[in-house]
Amino acid sequence: MSSRPFMRLCRALLLAAAGASLGASAQTYPSKPVRVLIGQPPGGVQDTLLRGVTNELTRIWGHAVTLEHRVGGTGVVAAVAAARSAPDGYTIFFSTSTNMNTAQFLQKNLPYHPEKDFIPVVGMGQTKSIMVAGNHVQASSVKELVALAKAKPGALNYGSFGVGSAAHLDVEAFAKAAGFTATHVPYKSGAEVMTALMAGQVDFAMTGLTAAIPLVNGNRLKGL
């Protein structure tokens with residue numbers, strides 16, 4: 001992002017965190033290091049975005065702002081850790097739409113409440129997805145993939161970065177609309193999905209542009 005929106009984002013984070021802390025103390029915020037919990041592994045889109053934000057906040061605040069990766073449960077592990085932390089503004093949770101929206105409908109006893117346990121601070125961004133297939137798949141377009149899936153019901157599988165993730169729900173919605181079925185194979189991260197696609201372990205996926213485009217341009221995956 002450009003410097004001006006980035007600075008607005010940092011100020012919003014500062015004001016929101018300061019407001020949370022000043023309710024309990026009149027001291028200047030922050031007076032000690034701040035941690036940001038993230039439910040995704042290093043190297044992904046979310047991790048890259050947050051590293052830029054935490055580096056800038058460290059510079060502005062004069063106190064370390066560090067990332068803590070709590071991977072598991074498609075972000076639920078990090079969400080629980082954040083919900084159970086002291087409400088003093090020194091723990092910030094980077095959430096995806098999965099954590100704050102779909103998880104409560106997909107898990108019967110979600111161990112946190114998206115509205116009661118968190119205060120929204122700022123929307124950080126949106127990502128776009130691309131449908132990709134392994135080079136072993138005999139399809140070079142979405143139309144050809146759908147035809148292949150219908151010709152061999154249930155034979156194709158697809159990868160995602162977790163049950164209930166956008167990569168999972170997007171494919172299920174697409175498959176339902178297109179009238180075919182495919183087997184879901186969940187992984188821990190988008191990077192693992194890309195590796196599985198290139199190795200021929202899964203056939204296709206819907207994933208973020210950032211990770212997929214270099215592989216498509218390098219002819220290591222097909223961009224459908």
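Let me start at leucine 156. Leaving aside its neighbours within four places in sequence, leucine 156 is in contact with Leu145, Leu148, Ala149, Ala182, Thr183, Asp203 and Phe204. Keep in mind throughout that this is a predicted model.

Where does Leu156 sit in the wider packing? Leu156 belongs to the largest nonpolar core, which has 17 residues. Val137, Leu145, Leu156, Phe180 and Phe204 are the residues with the most contacts inside that core. Two or more residues each come from strand 4 (129-133), helix 5 (142-151), helix 6 (166-178) and strand 7 (204-208). Which element gives the most to this core? Helix 5 does, with four residues. Another core lies apart from this one; it has 14 residues, and among them are Tyr29, Leu50, Leu57 and Met124.

Next, strand 4, one of the contributors I just listed. Four of its five residues are buried, so strand 4 is largely enclosed by the rest of the structure. On to its pairing. Strand 4 and strand 7 run antiparallel and are joined by five bridges. Within strand 7, threonine 207 is the residue opposite isoleucine 130. Strand 4 also runs antiparallel to strand 8 (residues 222-223), with two bridges between them. There, valine 132 stands opposite glycine 223. As a general reminder for reading the picture, side chains in a regular strand alternate between the two faces of the sheet.

Now to the parallel sheet. This is an open sheet of three strands, in the order 2-1-3, with parallel pairing. Which strands are at the edges? Strand 2 (65-69) and strand 3 are, each pairing on one side only. On average, and ignoring direction, neighbouring strands of this sheet are turned by 25° against each other. Five bridges hold the parallel pairing of strand 1 and strand 2. As an example, valine 36 has leucine 67 in strand 2 as its bridge partner. Helix 2 packs on this sheet and touches strand 1, strand 2 and strand 3. The direction of helix 2 makes about 155° with that of strand 2.

Helix 3 (residues 76-83) also meets some of these strands. Is helix 3 mostly covered or mostly open? Mostly covered: six of its eight residues are buried. Those six are Val76, Ala78, Ala79, Val80, Ala81 and Ala82. They pack against strand 1 (34-38), strand 3 (91-94) and helix 4 (97-106).

That leaves the charged side chains. In general, side chains of opposite charge can pair when their charged atoms come close. How many salt bridges does a search of the whole structure find? It finds four.

I will take helix 2 first. Aspartate 47 forms a salt bridge with arginine 51, and the closest N and O atoms are 3.0 Å apart. These two residues are four apart in helix 2 (residues 45-61), so about one helical turn separates them. Is aspartate 47 buried or exposed? Aspartate 47 is buried, at a relative accessible area of 3%. Arginine 51 is partly exposed, at 39%.

In helix 2 there is also the pair of glutamate 56 and arginine 59. Their closest N and O atoms are 2.6 Å apart in a salt bridge. Because they are three residues apart in the helix, about one helical turn lies between them. Glutamate 56 is buried, with a relative accessible area of 16%. Since the cut-off for buried is under 20%, that value falls inside the class. Arginine 59 is exposed, with a relative accessible area of 57%.

The next salt bridge joins the side chains of glutamate 68 and arginine 70, at 3.2 Å from N to O. Glutamate 68 counts as partly exposed, at 25% relative accessibility. Arginine 70 counts as partly exposed too, at 30%. Arg35, Glu68 and Arg70 are joined into one network by salt bridges that share partners.

To close, back to the two cores. The largest one has 17 residues, and the other, lying apart from it, has 14. Helix 5 gives four residues to the largest. I can take questions now.

Technical notes
Residues are numbered from 1 along each chain as its sequence is written. This is a predicted model: local features need pLDDT of at least 70, side-chain atom pairs count only at pLDDT 80 or more; totals for chains, interfaces and linings use all residues. Side-chain values use heavy atoms; hydrogens and water are left out. Buried means under 20% relative accessible area, exposed over 50%, partly exposed in between (1.4 Å probe, protein chains only). Contact means heavy atoms within 4.5 Å. A nonpolar core is a set of buried Ala, Val, Leu, Ile, Met, Phe, Trp, Tyr and Cys residues joined through side-chain atoms within 4.5 Å. Two strands pair if DSSP finds at least two bridges between them. Axes are lines fitted to C-alpha atoms, for helices over the stretch in contact, and angles run from 0 to 180 degrees between N-to-C directions.
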